[in-house]
Amino acid sequence: MKKAGIFYGSTTGTTAEVAKKLASLLGIDAVDVHDVASSSPSELGDYETLYLGSSTWGSGEVQDDWYDFLDGASALNLNGHRIALFGCGDETMSDTFCAALGVMYHRLKPTGAGFIGEYPADCYDFTDSEARLPDGRMAGLALDEVNHPELTDKRLREWIASLPSV
């Protein structure tokens, strides 16, 4: 089993770019960075730590390519694996900011994987999100490339530093 893999869904290319930055910062080879549009959910089992990224669309939905992928992934047994979520959203969508993280979290929780990488919610300006956990943190790293692209690199570095070693 490989140490770490990144799986992302991206419509406009923003989440794909974040996935590539994340791979570079973590030292993950390009061969271990997967677009879910052309990947099989079973590939998740090849990695100890999974970094999963989606942008948020519509009224809080995951990026389109995630729908079928999540259907397959939610049926897997991922006991012993760790999942860290990251996503892109727009804080002006105040009631659904980065809600895709919450959708993914709730869909994948039954797989038995352990979740890592929760991120403080108080550094964002939004009213509600499915990504906010009961303890007040976000289910993963939320990035706003629309309104705050200047914070992305700093937040990525902070998030990575907060993760248990992989």
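Colleague: What makes C88 buried or exposed in this model?

Modeller: This is a predicted model, by the way. C88 has a relative accessible area of 6%, and buried means under 20%, so C88 counts as buried.

Colleague: How do you know whether C88 is in a disulfide?

Modeller: A search of the whole structure turns up 0 disulfides. For C88, the nearest cysteine sulfur is that of C98, 6.8 Å away. A disulfide needs the two sulfur atoms within 2.5 Å, so this pair doesn't make it.

Colleague: And what about C123: why is there no bond to C98?

Modeller: The closest cysteine sulfur to that of C123 is in C98, but it sits 11 Å off, too far for a bond. The cut-off is 2.5 Å, after all.

Colleague: Why is C123 called partly exposed?

Modeller: Its relative accessible area is 33%. Buried stops under 20% and exposed starts over 50%, so C123 lands in between.

Colleague: Let's go to T12. What makes T12 exposed?

Modeller: T12 comes in at 59% relative accessible area, and exposed means over 50%, so the label fits. You'll find T12 in the loop between β1 (2–9) and α1 (14–26).

Colleague: Why does the T12 and T14 pair count as a polar contact?

Modeller: Their side chains come to 3.3 Å. The limit is within 3.5 Å, so the distance passes.

Colleague: How do you know that K2 and D32 form a salt bridge?

Modeller: Their side chains meet at 2.9 Å, N to O. The definition asks for a Lys or Arg nitrogen within 4 Å of an Asp or Glu carboxyl oxygen, so K2 and D32 qualify. K2 is in strand β1 and D32 in the loop between α1 and β2 (33–35), so the pair ties together parts that are 30 residues apart in sequence.

Colleague: Are K2 and D32 buried or partly exposed?

Modeller: One of each. K2, at 41% relative accessibility, is partly exposed, while D32, at 8%, is buried.

Colleague: What makes E17 and K20 a salt bridge?

Modeller: The closest N and O atoms are 3.6 Å apart, and the limit is 4 Å, so E17 and K20 pass. Both lie in helix α1, 3 residues apart, about one turn of the helix.

Colleague: Which residues share a network with R137?

Modeller: R137 forms a salt bridge with E118, with the closest N and O atoms 4.0 Å apart. Salt bridges with shared partners join E118, D135 and R137 into one network. In total, the structure holds 7 salt bridges.

Definitions and conventions. Residues numbered from 1 in each chain as written. Predicted model: local features only at pLDDT ≥ 70, side-chain atom pairs only at ≥ 80, totals over all residues. Heavy atoms only, no water. Helix = DSSP H or I, 4+ residues; strand = E, 2+ residues; numbered from the N terminus. Buried < 20%, exposed > 50% of the residue type's maximum accessible area, 1.4 Å probe, protein only. Polar contact = N/O pair within 3.5 Å; in protein donor to acceptor, adjacent residues only side chain to side chain.
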